[in-house]
Amino acid sequence: MADEIVNVNEFQVLARQALPKMYYDFYAGGADDEHTLKKNVQEFQRIILLPRVLVDVSKIALSTNILGYTISAPIMIAPTSMHKLAHPEGELATARAAAACNTIMTLSFGASCSVEEVAASCDAVRFFQLYVYKRRDIAVNLVQRAEKSGYKAIVLTADVPRLGRREADIKNKMIVPQLKNLEGLMSTEVVSVKGSNFEAYANETIDSSLCWRDIAWLKSTTNLPILIKGILTREDAIKAMEVGAAGIIVSNHGARQLDYTPATISVLEEVVQAVGRRVPVLLDGGVRRGTDVFKALALGAQAVLVS
């Protein structure tokens, strides 16, 4: 490989070389047979472009507006957990990169750095991603801390009633470190005789009863707009509109939850048509190149999220 990195796939090769196997597998792996993990990329490749020629493209504006915030290009940073497993500065470095690129970072609930630390690291627009635990007071605490710290939206991840069966994590006996945002609220230490401690912890704490009627409860805890992440069908897009979502993220959780769900790009147009431009529709999963971003925009997404 040449010294100069020229695409995302080459970063993945370097990550495999640099990270301990447990951590690389945690970041890169999907659920079960990893069918959807492959499809997320392959379905982008299936879409062919038909370019028109002799059009004046000497002046191009890539900026777009998400919930009233202008970003330099339709590319945002998706919520991903535990960045310090890959870099000692963790999400602080990610936030500074987002600020330098003038885009929006969505901080993960499971971040290695707290909402307050990331807010103090730089001047950038930030959203906060939320899981709802059985202890609902934890969600309220984090949402209110995010709002107080200047975050501009809450991104509710809706596709994790239980953690997906990630076989690499099971084999590696993946251990979850203490989550920074939960310090003083609860321990993430779980004793699991076999398999992934991370899976055991998640399934012990996540509220599997969370449903559409709980969006009203969540909205009552904050003045921030709420985006719902994990939508893959027309029916759920309509439900999201009915409960007052401020935006939708078409996502299959990076293929880390339920395997054999559709690739996100393959259902994007259906969701966009159901929403009818009432709120922004964003997309994550499988985005590797600028042409992928273009394809998502052409099918109606306002921006993509990458990780």
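This is a short talk on the packing, the aromatic rings and the cysteines of one structure.

Hi everyone, and thanks for coming. One thing up front: what you see above is a predicted model.

Let me start with helix α4, residues 91-100. Which of its residues are buried? They are Glu91, Thr94, Ala95 and Ala98. Around the axis these residues cover an arc of only 100 degrees, so they sit on the same side of α4. As for their partners, the buried residues of α4 pack against β3 (75-77), β4 (105-107) and α5 (115-121). After the helix comes asparagine 102, which has a positive phi, near 55 degrees.

Strand β4 is worth a stop of its own, and threonine 106 is in it. Threonine 106 has a relative accessibility of 2%, so it counts as buried. Leaving aside residues up to four places away in sequence, threonine 106 touches Ile77, Ala78, Pro79, Phe127, Phe128, Gln129, Val155 and Leu305.

Now to the nonpolar cores. The largest one has 68 residues, and the members that touch the most others are Phe109, Phe128, Leu130, Tyr133, Ile248, Val250 and Leu268. Which helix gives the most to this core? That is α11, residues 264-275, with seven residues. There is also a second, separate core of 13 residues, which includes Met76, Ile104, Ala153 and Leu227. Going back to leucine 130, its contacts beyond four places in sequence are Phe109, Ala139, Val143, Ile154, Val155, Leu156, Thr157 and Leu218.

On to the rings. How many aromatic pairs does the structure hold? The count is six. I'll show you two. Phenylalanine 26 and phenylalanine 198 meet edge-to-face, at 5.5 Å centre to centre with 85 degrees between the planes. This pair links distant parts of the chain, 172 residues apart: phenylalanine 26 belongs to helix α2 (residues 21-28) and phenylalanine 198 to helix α8 (residues 197-205). Both rings belong to buried residues: phenylalanine 26 has 2% relative accessibility, and phenylalanine 198 has a relative accessible area of 12%.

The other pair is phenylalanine 128 with tyrosine 151, again edge-to-face, with 6.3 Å between centres and 80 degrees between planes. Here phenylalanine 128 lies in strand β5 (residues 126-130), while tyrosine 151 is in the loop between α6 (136-148) and β6 (154-157), 23 residues apart. Phenylalanine 128 is buried at 0% relative accessibility, and tyrosine 151 is buried with a relative accessible area of 1%. Elsewhere, ring pairs join Phe109, Tyr131, Tyr133 and Tyr201 into a cluster.

Some rings also have a charge over them. The charged end of arginine 136 sits over the ring of tryptophan 217, 4.7 Å from its centre. Phenylalanine 26 comes up again here, as the charged end of arginine 256 sits over its ring, 5.1 Å from the centre.

Last topic: cysteines. The structure holds zero disulfides. Why is cysteine 101 not bonded to cysteine 122? The sulfur of cysteine 122 is the closest cysteine sulfur to that of cysteine 101, but at 11 Å it is too far for a bond. Cysteine 101 counts as partly exposed, with 48% relative accessibility. Cysteine 113 is in no disulfide either, and its nearest cysteine sulfur, that of cysteine 122, is 11 Å away. In contrast to the partly exposed cysteine 101, cysteine 113 is buried at 1% relative accessibility.

That's my tour, and I'm happy to go back to any part of it.

How values were computed: Residues numbered from 1 in each chain as written. Predicted model: local features only at pLDDT ≥ 70, side-chain atom pairs only at ≥ 80, totals over all residues. Heavy atoms only, no water. Buried < 20%, exposed > 50% of the residue type's maximum accessible area, 1.4 Å probe, protein only. Helix = DSSP H or I, 4+ residues; strand = E, 2+ residues; numbered from the N terminus. Arc of directions from axis to C-beta. Contact = heavy atoms within 4.5 Å. Core = buried A, V, L, I, M, F, W, Y, C linked by side-chain atoms within 4.5 Å. Phe/Tyr/Trp six-rings, centres within 6.5 Å; stacked < 30°, edge-to-face > 60°. Lys NZ or Arg CZ within 6 Å of the ring centre and 35° of its normal. Disulfide = S-S within 2.5 Å.
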